[in-house]
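Colleague: Please show me the model. I have some short questions about it.

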Amino acid sequence: MDSRTVALIRTTFKAVAAEEGGPEKLSRSFYSILFTDYPGVRDYFPAAMDAQRDRLITAIAYALERLEEPDKLLPFLAQLGRDHRKYGVQPAHYVAVANSLKSALRLFAGAEMWTDEVATAWDEGLATISGAMISAADKEMTPATWTGTVVEHREVLRNLSIIRVQLDTPMQYAAGQYLSVQIPSRPRMWRYLSPANPANPNGEIEFHVRGVLGGWVSPALVAHTAVGDQWALGSPLGGLGVPRNTKRKMLMVGCGTGIAPLRAQIMAMAQRRVNPKVHLFVGGHHPCDLYDLQVLSQLAIANKWLTVTPVTESDENPWWYYDSGEPHPNLPGLEPRVTGQIGKVVAGYGPWADRDVQIVGSPSMVQTTKFRLMAAGTQAQSIRHDPLF
C-alpha cells in the first residue's frame, strides 16, 4: 500500500476512535451490522461479547500501526489466520467482516469524511489483511485445534493457579508465544494464555492463570479447573521469542503471570551453549505476587548469564495471603528485592540502549514501562511486546 492509502485509513480510524466512547461504539455497531446482515455468523461468537469487542479494536489498531511495516504486519496476520481456523472460518466470512466494518466506519465518519477515496483505501487495506490471513490458513498443515487433558491444578495464591496440560498431540511453538484455550464450562469463549515452559516432545504445557475480577473465563480456570478436564487449544501466536543474535544483551520485564513467557524463553536459552547476558525484572504489587521465585532462583544459579531482580510496589502482603512474611526471602542467585513502581525501577537501573527489551504484563504496565525506558534513551524499535489483548 502506498503512503496515501495508509494515511487515509489511519486518519479515518483515529477520527472515529477519538470521539467519546468511539472505540466501544464502533465495535458495538460493527457486530450489530455483522449479525443483522449475516445472521449465520452469530453462532461463531460467544454469548458474552464484551471481551470480543475489546479484542477487535485492539487488533485493528495493532494492524494499522504496522501497515507500512510488512515484515512485522504479515507474520502477525498469518498467525491470526492460522489461529482463526479453530472457529471454522471460511473466506466468505472475511467478506462479511470487511463489509460490516466498512459500514460501521462509514456510519461514524459521516459523508464528509467517508469519500470514495477513503472507501477505496479501506477496500485495499482490508483486502491485504484478509488475503494474508486466508493464505496462511490455506497453507497450514498443523491441526486447527489441539486437545489436552489437565493433569495438575495447583493453587499458589487465592486468585492464581498453575495448571499443567498434557496434549494429545505435541505442539510446536516458540518460547514466548501465547495460545488461545477453551474450557468445557465456557464454550466459544477463548482465553489467551502463555506457556511457562518451552515446547517439548511430550506435549506438556504449564500455564499460570490469574483470575480477573468480573472476567468470564479466568475465574472459572482458577477456581473450577479439575484434573481430567479436556481443553481445546488454538495455534500459537505472538512475536516474542529468543533472538538469534546471541551477542546482544537482553532486558526482560514481567509482572504477575507475565513472567510465564519470559521464563519459557529463559528455559529455552538454558538449553543453548552460548547466550547473551539477560537481566530479568519480575514484579508484583505485593511480595506474595512473586510466586515463581523458587524456579527463577534455580535458573539463575544454573545460568551465570542470568540476573533476576524482584520488584514489588509494597513491602507487605495483603491480609488474605495465607502465609506470613515474604514467600521466598533471601533466595540464592537473586538480587535483593526492590520496592517501587516497576517501570520507574527498571528505567533507573539503566541505561538499556544496548539491550533487546521485552515487556509482559497488563496493558497499563507495558505502556508505562515502555514510555519510561524510551524517555531514558531506549529506542522504540528495541522494545518488544505482544498486542495488548
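Colleague: Which residue in strand 6 stands opposite glutamine 182?
Modeller: This is a predicted model, where local features need pLDDT of at least 70, side-chain atom pairs count only at pLDDT 80 or more, and totals for chains, interfaces and linings use all residues. Residues are numbered from 1 along each chain as its sequence is written, and side-chain values use heavy atoms, with hydrogens and water left out. Strand 3 (residues 179–182) and strand 6 run antiparallel, joined by two bridges; strands (E, at least two residues) are DSSP runs numbered from the N terminus, and two of them pair if DSSP finds at least two bridges between them. Opposite glutamine 182 in strand 6 stands alanine 232.

Colleague: How many bridges pair strand 1 with strand 6?
Modeller: Strand 1 covers residues 146–157, and strand 6 covers residues 230–233. In this pairing, tryptophan 146 stands opposite leucine 233. The sense is antiparallel, and the number of bridges is four.

Colleague: Is glutamine 177 buried or exposed?
Modeller: Glutamine 177 sits in the loop between strand 2 (160–167) and strand 3. Buried means under 20% relative accessible area, exposed over 50%, and partly exposed in between (1.4 Å probe, protein chains only). The relative accessible area of glutamine 177 is 10%, so this residue is buried.

Colleague: Which backbone atom lies 2.9 Å from a polar atom of the glutamine 177 side chain?
Modeller: A polar atom of this side chain also lies 3.2 Å from the backbone oxygen of glycine 238. At 2.9 Å, the atom you want is the backbone nitrogen of alanine 174.

Notes:
Polar contact = N/O pair within 3.5 Å; in protein donor to acceptor, adjacent residues only side chain to side chain.
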